[in-house]
Amino acid sequence: EIENFINNWFGSKPDVARDCWEKLKSDEYTAAKELTKTPLLLTLVCLLYQSSLKIPTNRATLYERALRVLLEEWAGEKGISQEDLYKGLDTKRKEMILSEIAHHAFQEDRLFLSRREIADKFEKLLAEMLSDEKFINGVDVLKSIEVQHGILVERAYSIYCFSHLTLQEYLTAQYIDDHRQIEKLVTEHLTEESWKEVFLLVAGLMRGGADSLLLLMQKQAQKYLSNPNLQSLLNWAEQETAGSESNFKPIAKRMTALIIALDIARLSSCELALSLDLLRVRLRAIDLTIALAIDFVLTSNRDINSTIELDIIIDRKSTNAINLTFANVTCKDNDALAIHRSKNITRDFNLALARAEDLEKRKIFKSVNFIELISAMKLLKIKASDYMQSHETSLEFRENLLKLWKNTLNLDPKLVNLSKKEAKALENYFYINWLIVKCKQASVRVLPTTWKGIEEQMLLFLKSSPTGGTTTHDE
């Protein structure tokens, strides 16, 4: 449907239509693809492409231009009169008023607003901006903006919302940047995923650079590491990988170690006594770590090293160092289940063995003897040749295999047997780090020295120093 719309829009210019469609399908233009979900927003994309044969890749720039199209060109394209109701009610003032309305509604988690509420806001703000106007009718202004610009639409009788959530998010980000509310944003909404897009847009709007935003986010992330177990887990990842033979970046080594540890945690979650809720939180933590790895490598310079890091850390099959999904062993036995379990255990054991062999080659860990682990795994499989035959032997095989990995990695079992509270704190910590990387990607500018410092401290527990700064755990 989107492709047909674009072809119809450009009509006699099939080459232009094809180029526009190919751009929208590529990963580079993900932000623009978000603007194609409704005919209104897809029209904006076509208008932008028609004027310059380009689509901005920076999401903040893209939405800024889309908003300007709505405020300045939309009425003309539709053949609607663009005469303003009041002298001085220009594009900039409309933008400022709309951003305040968007922000206050978003802050209250509201998508729908009453006509009277919006009209009152127009009257109040325009009275401040247009002091010469004695009588301002907010309802007339609302109707004018609805007809001329398509930004606010009436969804039910006297009930309005922004024509697309993207526009409300952009206007919210604009308000935050205009009113210097970065610290408030980080303090109040950092782990709320509904605010993710706002963070990315704010990063793109900060023309002086997003350094302060990223540094505030990293500082806030440390607050989720108040638990000694989580501190010890990050310290373990650093101690086991720092100074290893591998020439990968320290953060890449820490990511690899943490993904392995969290996979062990996931495996340890396959117990009847464990709540499904806790299992979900643990799974979420590992997924966020992998997402962080993907986006971190994509943010790095795309040199040979980064490509290798991508190969090691990101591929889900190879990343799951001991990807043994034994959830089925908690079920009652029957012949079909026994066959299914046998196939799964054999497959996943082979994957675990291959990953151990790969880690031996990569030399990411400093003092882990993967050759001994490989030998022990093969011996364990021989001794437990009937491990797939019953529920009890499956559990025993799994537990023995887990113990092998934990012992080889010098991983204290309590560091991966996380409580729900610990797992949730770790999930929040990884989410913030992932969001930092995404904001770096979305930003117009971040000083190299700032990013270098963030990268060096990422996935480390930082203790406060006597002077009030922070140090790494081993300084």
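Analyst: Before we start: contact means heavy atoms within 4.5 Å, and helices (H or I, at least four residues) and strands (E, at least two) are DSSP runs numbered from the N terminus. This is a predicted model, where local features need pLDDT of at least 70, side-chain atom pairs count only at pLDDT 80 or more, and totals for chains, interfaces and linings use all residues. Residues are numbered from 1 along each chain as its sequence is written, and side-chain values use heavy atoms, with hydrogens and water left out.

User: Fine. What makes the span of helix H2 (residues 14-25) agree with its number of residues?

Analyst: The expected span is 1.5 Å times one less than the number of residues. For the twelve residues of H2 that gives 16 Å, and the end C-alpha atoms sit 17 Å apart, so the two agree.

User: And how do you know which way the buried residues of H2 face?

Analyst: Buried means under 20% relative accessible area, exposed over 50%, and partly exposed in between (1.4 Å probe, protein chains only). In H2 the buried ones are Val-16, Ala-17, Cys-20, Trp-21 and Leu-24. Looking down the axis of H2, they fall within an arc of 130°, so they line one face; that arc is taken from the directions from the helix axis to the C-beta atoms. An α-helix has 3.6 residues a turn, so residues three or four places apart point the same way. Among the elements covering the buried residues of H2 are helices H1 (2-10), H3 (30-34) and H4 (39-52).

User: Why is H10 called largely enclosed?

Analyst: Twelve of its 14 residues are buried, so the rest of the structure largely encloses H10. Those buried residues include Leu-167, Tyr-170 and Ile-176, and they pack against H4, H5 (59-72), H7, E3, H11 and H12 (196-205). H10 itself (residues 165-178) reaches 20 Å from first C-alpha to last, close to the 20 Å expected. After H10 comes Arg-180, with a positive phi near 55°.

User: Why is Thr-408 called buried?

Analyst: Its relative accessible area is 17%. Thr-408 belongs to helix H21 (residues 391-408), and beyond its neighbours within four places in sequence it touches Val-368, Asn-369 and Leu-373.

User: What about Leu-113: buried or exposed?

Analyst: Leu-113 is buried, at 5%. This residue of strand E1 (residues 113-114) has contacts, outside its neighbours within four places in sequence, with Ile-101, Ala-105, Ile-118, Ser-158, Ile-159 and Tyr-160. Its C-alpha is 6.1 Å from that of Cys-161, 48 residues apart along the chain.

User: How do you know that E2 and E3 pair?

Analyst: Pairing takes at least two bridges found by DSSP between the strands. Antiparallel strands E2 (residues 152-156) and E3 (residues 159-162) have four. One of them links Ala-156 to Ile-159. Two residues separate the strands in this hairpin, and Ser-158 takes a positive phi near 65°.

User: Last one: what makes a space count as a cavity?

Analyst: On a 1 Å grid over the protein atoms alone, it is a set of points where a 1.4 Å probe fits but cannot get out; lining residues have an atom within 4 Å of a point. The whole structure has two of 30 Å³ or more. The second largest has a volume of about 40 Å³, with a lining that includes His-103, Lys-184 and Trp-195. Helices H7 (91-107) and H11 (182-189) each give that lining two or more residues, and H11 gives the most, three.

Technical notes
On a 1 Å grid over the protein atoms alone, a cavity is a set of points where a 1.4 Å probe fits but cannot get out, and a pocket is an open set with protein on both sides within 12 Å along at least five of seven lines; lining residues have an atom within 4 Å of a point. Grid points are joined across faces, edges and corners, and a volume is the space filled by probe spheres set on the points.
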